[in-house]
Amino acid sequence: MNMRDAWEAEAANWIAWARTPGHDSYWRFHAERFFELLPPAPCETLDVGCGEGRLPRDLKQRGYSVTGIDGSATLIEHARSADPAGDYRVADAAALQIGDASVPLVTAFMSLQDIDDMPAAVRETARVLVPGGRLCLAIVHPINSAGAFETMEPDAAFVIRGSYFEGRRYEDTFERSGLKITFYSEHRPIQDYFAAIEAAGLLVERLVEIPDPKDPPGNRWQRLPLFLHLRAVKPV
Ligand SMILES: C[S@@+](CC[C@H](N)C(=O)[O-])C[C@H]1O[C@@H](n2cnc3c(N)ncnc32)[C@H](O)[C@@H]1O
């Protein structure tokens, strides 16, 4: 099954997981860190891989006007019912039904590592951006998806058993507080994202590596980044 279809099959679990306040890193710190990356509101925004719509809803509260697209019809249906006035569309990130040079800001929050044809999705974001527009993305940091900590101890060793350079699909299942989710993702080295950005004609202007600020100092995800944030600009 491709990742788009896998996410549609996982939609009910994702809705419960994503909508439980405080449940995942989005609520604990990740959304706030992502907002730091964005050009200021007001700004017309296209959110690629919006899921059930939590980021578009939060961006709208901050003064952005947002169109959300996602490959899952179930997630888009739930995004619409949580925000009936909003603009949510079922679409593949690799084939956006949006005009050339029409959007000043594209966000892709924790979606590109789950998108089958990531280079095409980045190319599409570049196509729809106006000159001077920004792509702001958050992904699972490629060092995170390359390996795993051996234990839960704060000083646990982080081990990469295969090749960091080799792209591969993986599934990660988490169970917490009665909720269960499987993430369907692809590990890709950083250079694959940079190659896609370069081929799309975008220029990187900021890159930030995000640890877990709620982990005690010296703990596992204080020593390594969970996520990678990147902002790229379409040259004028
Ligand atoms: C981890 S979820 C993140 C959702 C949302 N950005 C959030 O943080 O709440 C990844 C999302 O990518 C979407 N996705 C996967 N493949 C896609 C594709 N080809 N086109 C558009 N969306 C896709 C999934 O349906 C899912 O909603």
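The following paragraphs go through the ligand shell, three of the helices and the nonpolar core of a predicted model.

The ligand is a convenient place to start. It is surrounded by 23 residues, and the closest are Trp7, Gly49, Gly51, Gly71 and Ala93. Sorted by class, this shell holds 12 nonpolar residues, 6 charged ones and 5 polar ones. Helix H1, which spans residues 3–9, and helix H4 each contribute at least two residues to the shell. The most comes from H1, which gives 3 residues.

Helix H2 covers residues 11–19, and its buried residues are Trp14, Ile15, Trp17 and Ala18. These residues pack against H4, against helix H5 (73–82) and against strand E9 (179–187). H4 therefore has two roles in this account: it supplies at least two residues of the ligand shell, and it is one of the elements against which the buried residues of H2 pack.

Helix H3 runs from residue 25 to residue 35, with Tyr26, His30 and Phe34 as its buried residues. Viewed down the axis of H3, these residues fall within an arc of 60°, so they line one face of the helix. The elements covering them include helix H4 (54–61) and three strands, E4 (103–109), E5 (129–140) and E11 (227–233).

Helix H8, residues 190–199, has Tyr193, Ala196 and Ile197 buried. The arc that they cover around the axis is only 100°, which is why they lie on the same side of H8. Gln191 and Ala199, on the other side of H8, are exposed. Among the elements that cover the buried residues of H8 are helix H6 (118–128), strand E10 (203–210) and E11. Strand E11 is also among the elements covering the buried residues of H3. Just after H8, the backbone at Gly201 adopts a positive phi of about 85°.

The last topic is the nonpolar core. In soluble globular proteins, nonpolar side chains tend to be buried together. Here the largest nonpolar core has 52 residues, and the members that touch the most others are Val106, Leu137 and Ile139. Strand E5 provides the largest share of this core, 7 residues. Which residues does Ile139 touch, not counting those up to four places away in sequence? They are Met110, Leu112, Gln113, Phe227 and Leu228. E5 also appears among the elements that cover the buried residues of H3.

How values were computed:
Residues numbered from 1 in each chain as written. Predicted model: local features only at pLDDT ≥ 70, side-chain atom pairs only at ≥ 80, totals over all residues. Buried ≥ 20, exposed ≤ 12 C-beta atoms within 10 Å, placed from the backbone. Helix = DSSP H or I, 4+ residues; strand = E, 2+ residues; numbered from the N terminus. Arc of directions from axis to C-beta. Contact = placed C-beta atoms within 7 Å. Core = buried A, V, L, I, M, F, W, Y, C linked by C-beta atoms within 7 Å. Near = placed C-beta within 6 Å. Nonpolar A, V, L, I, M, F, W, Y, C, P; charged D, E, K, R; others polar.
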